[in-house]
Every structure is written in C-alpha cells, then in structure tokens.
Amino acid sequence: MAKVLQLRHGSTAEHANFTGTLAEVTVDTDLKTIRVHDGATEGGHALAKLAEVVRSINSTTPDSNGNVNVPTYTHPNSGVTAGTYNKVTVNAQGHVTGASNVSFATVATSGKYSDLSGRPTIPATPKAYVTATGKSGTSWYRTWSDGFKEIGFIYSANMLNGNEQTVTLPWRMPSNNYHISYTPLTDSTGNGNFIEQTFYRKSQTTTKFVFQQAFLAKTGLNFYVCGY
C-alpha cells in the first residue's frame, strides 16, 4: 500500500498566529501554497505559485536571480529642432511633428494716436451722427451728436378757424429756437379737396408752442420740429 506524506496545514488566518520551527514546512489551505518557517516569523514565508511567477515581460525572460532586465527605452527624435515655438503640429499619438514661429504685429502700449503710421485721417469737424432715438405711439425723436434734434408727431385736436392752439411737445427741444413745419392729415373740406390753410406761430418754448390757424373745418396735422 502506497504511503502518503501529509504536512501540517491550516488556513491563512491560522498561519497568521502560528510560528513554525526552523526549516519547518506547512501548507496554507486557503492560498493553496506552502510556507517555509524560520522559527521566528509568524505565518512563515509563503512561496509563489507558478502562475504568480513572472516568466517574461515583452518577451524578455528573468535571469537566474529572477530579475527581468528590460532594455532602456529611448524615445525617437521627432525631427523638430529643440526650441521654443508659438505654433506646433501634433499627430494622433501626441507627438510634435512640426513647429514654427508666427510673427505678430507689435502692439503699442503707450504714446499718442498721432504717433501711429498708416492711421486714418480724422477730420477736424467730424460728421454728425445719431446718438439717441425714441418712439412712443405715433411720436418719434432723433438726437444728433452736434446737438441737433428732430421730433415728429400727430396733433389731432379739434381745430376751428381762428382758434389758438397750444401744442405740448412729446420731448423737450434743446432751445426755443427751432423750426416747425406741418402737413394736413385729412381732407378739411369733406369733398376730397384740401383748401389753403394758414398757420401763425405765436410763441414757443422748449416744451410747447402756440399757433393760430385760418381754415374752415376740423383736421389733423402732422408736425415736424427740428433745431439746436
């Protein structure tokens, strides 16, 4: 009958509290490996299984001491001269394959406009431009950079021949010195023909003006006011 050699054995936890005698060998039933004891170390020294032993790294096998000597890696040159660049070309692997320096125009950080070369000429008196506009219903205004202001609005109050009318401006004018013009909005005779109308301006302020008219029927007026 064959004889069986059975070594002392136990779980990993049991080995953690066991100190074997010098040169004693036990079996770790959890890790499925043997442990070699030195008479001092609890648990002894677990030996690696074949599957745990490094056999090669990138086709390089261990030497007699178990060391894997991997050749030193030398990154290939990209072909770009070492230096500092403000524009580079990078391939899909993240390698720089081209580089150059882009020239930028010098930006002035001090000085006067007159010091610049190739500058556009600024006229001594620039052309006026619109700085503000507004609208409310049928009324509107426009203000220019030189102080000129325009206002347009409809005046539709009942107006009889010879009556004085006080018109309040929708917006304030810059001064009392402004021009007033008007056009009739409706047929003042009722038969399809405009009759001659006379408009007398009696007084004006920055917010209103008073006029007197001479015609026979009710009508509406479209006023245009402008001035500085």
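Strands are DSSP runs (E, at least two residues), numbered from the N terminus. Two strands pair if DSSP finds at least two bridges between them. The structure is a predicted model: local features need pLDDT of at least 70, side-chain atom pairs count only at pLDDT 80 or more, and totals for chains, interfaces and linings use all residues. Residues are numbered from 1 along each chain as its sequence is written, and side-chain values use heavy atoms, without hydrogens and water.

Five strands form an open sheet in the order S7-S8-S9-S14-S11, with antiparallel pairing. S7 (130-136) and S11 (178-184) are the edge strands; each has a single partner strand, so one side of each lacks a neighbour in the sheet. On average, neighbouring strands of this sheet are turned by 10° against each other, direction ignored (axes are lines fitted to C-alpha atoms). S11 runs antiparallel to S14 (residues 221-227), joined to it by 7 bridges. Among these strands' residues, histidine 179 has cysteine 226 of S14 as its bridge partner.

The largest nonpolar core (buried Ala, Val, Leu, Ile, Met, Phe, Trp, Tyr and Cys residues joined through side-chain atoms within 4.5 Å; buried means under 20% relative accessible area, 1.4 Å probe, protein chains only) holds 14 residues. Phe153, Phe209, Phe223 and Val225 touch the most other members. Strands S9 (149-155), S11, S13 (208-214) and S14 each give two or more residues to this core.

Elsewhere, valine 25 lies in strand S2 (residues 25-28). Valine 25 is partly exposed (between 20% and 50%), with a relative accessible area of 30%.

How values were computed: Helices (H or I, at least four residues) and strands (E, at least two) are DSSP runs, numbered from the N terminus. Axes are lines fitted to C-alpha atoms, for helices over the stretch in contact, and angles run from 0 to 180 degrees between N-to-C directions.
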